[in-house]
Amino acid sequence: MNDTSSLESNRKTYYVAVGAGQILEDREAAAFEFAIRANEDELTKLQELFEELQDADEDNAFRFSGWPSVSDNPEDPTYNALFKDIYKQLYKLGNEETKRHIESMNILH
């Protein structure tokens, strides 16, 4: 078995809700936007990106209590970079429908 076949055989299907920062194994568990196929390492990387985004949002909210959070400010470079990294990872791991949807969003340019 070559490396590509080995990587694919270790992948499972997951369902991702970006707004909620959720990665689900059960497509019926909650609403989701994207379906991906990921191995353990790829899944961990995506989970870490969601955690970093949440941390950046919480840090900003803590520092500027009473001000909008990072996610409420689309001009925040940290938020934008993390958000883009998440979508790059989703595109890389996504099925054809996921890839078409992300392409239609025009956010990876």
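A pocket here is an open set of grid points with protein on both sides within 12 Å along at least five of seven lines, and its lining residues have an atom within 4 Å of a point. With that in hand, let's work through this predicted model.

**Exercise 1. Describe the largest pocket: its volume, its lining and the elements that supply the lining.**

Step 1: Start with the volume, which is about 300 Å³ for the largest pocket.

Step 2: Look for the residues around the centre. The lining has 15 residues, and the closest to the pocket centre are Val18, Gly19, Gly21, Phe50 and Leu53.

Step 3: Assign the lining to elements. Strand S2 (22-24), helix H2 (40-63) and helix H3 (77-93) supply at least two residues each. The biggest share comes from H2, with 6 residues.

Step 4: Sort the lining by class. You should find 7 nonpolar, 6 polar and 2 charged residues.

**Exercise 2. Work out the strand order of the open sheet and find which strands stand at its edges.**

Step 1: Take the pairings of S1 in turn. Strand S1 (residues 12-17) is joined to S2 by 3 bridges, and the two run antiparallel. S1 is also joined to S3 by 5 bridges, again antiparallel.

Step 2: Check individual positions. Tyr15 has Leu24 of S2 as its bridge partner, while Tyr14 stands opposite Ile36 in S3.

Step 3: Put the strands in order. The 3 strands of this open sheet follow the order S2-S1-S3. S2 and strand S3 (34-38) each have a single partner strand, so one side of each is left without a neighbour in the sheet. From one strand to the next, the twist averages 35 degrees.

Step 4: Add the helix. H3 lies across S1 and S3, and runs at about 70 degrees to S3.

**Exercise 3. Find the residues with a positive phi in the S1-S2 turn and in the segment after helix H4.**

Step 1: Go to the hairpin of S1 and S2, which has 4 residues between the strands. Gly21 in this turn has a positive phi of about 65 degrees.

Step 2: Move on to the segment after helix H4 (96-105), where Asn106 lies. Asn106 has a positive phi of about 55 degrees, although it is not a glycine. For context, most residues other than glycine have a negative phi.

**Exercise 4. Identify the salt-bridge partner of Glu42 and say where both residues sit.**

Step 1: The structure holds 2 salt bridges. One of them pairs Glu42 with Arg11, with the closest N and O atoms 2.5 Å apart.

Step 2: Apply the cut-off. The limit for a salt bridge is 4 Å, and the 2.5 Å of this pair meets it.

Step 3: Locate the partners. Glu42 is in helix H2 and Arg11 is in the loop between helix H1 (3-9) and S1. The two are 31 residues apart, so the pair links distant parts of the chain.

Conventions
Residues numbered from 1 in each chain as written. Predicted model: local features only at pLDDT ≥ 70, side-chain atom pairs only at ≥ 80, totals over all residues. Heavy atoms only, no water. 1 Å grid on protein atoms, 1.4 Å probe; cavity = no way out; pocket = protein on both sides within 12 Å on 5 of 7 lines; lining within 4 Å. Points joined across faces, edges and corners; volume = space filled by probe spheres on them. Nonpolar A, V, L, I, M, F, W, Y, C, P; charged D, E, K, R; others polar. Pairing = 2+ DSSP bridges. Axes fitted to C-alpha atoms, helices over the stretch in contact; angles between N-to-C directions. Contact = heavy atoms within 4.5 Å. Salt bridge = Lys/Arg side-chain N within 4 Å of Asp/Glu carboxyl O.
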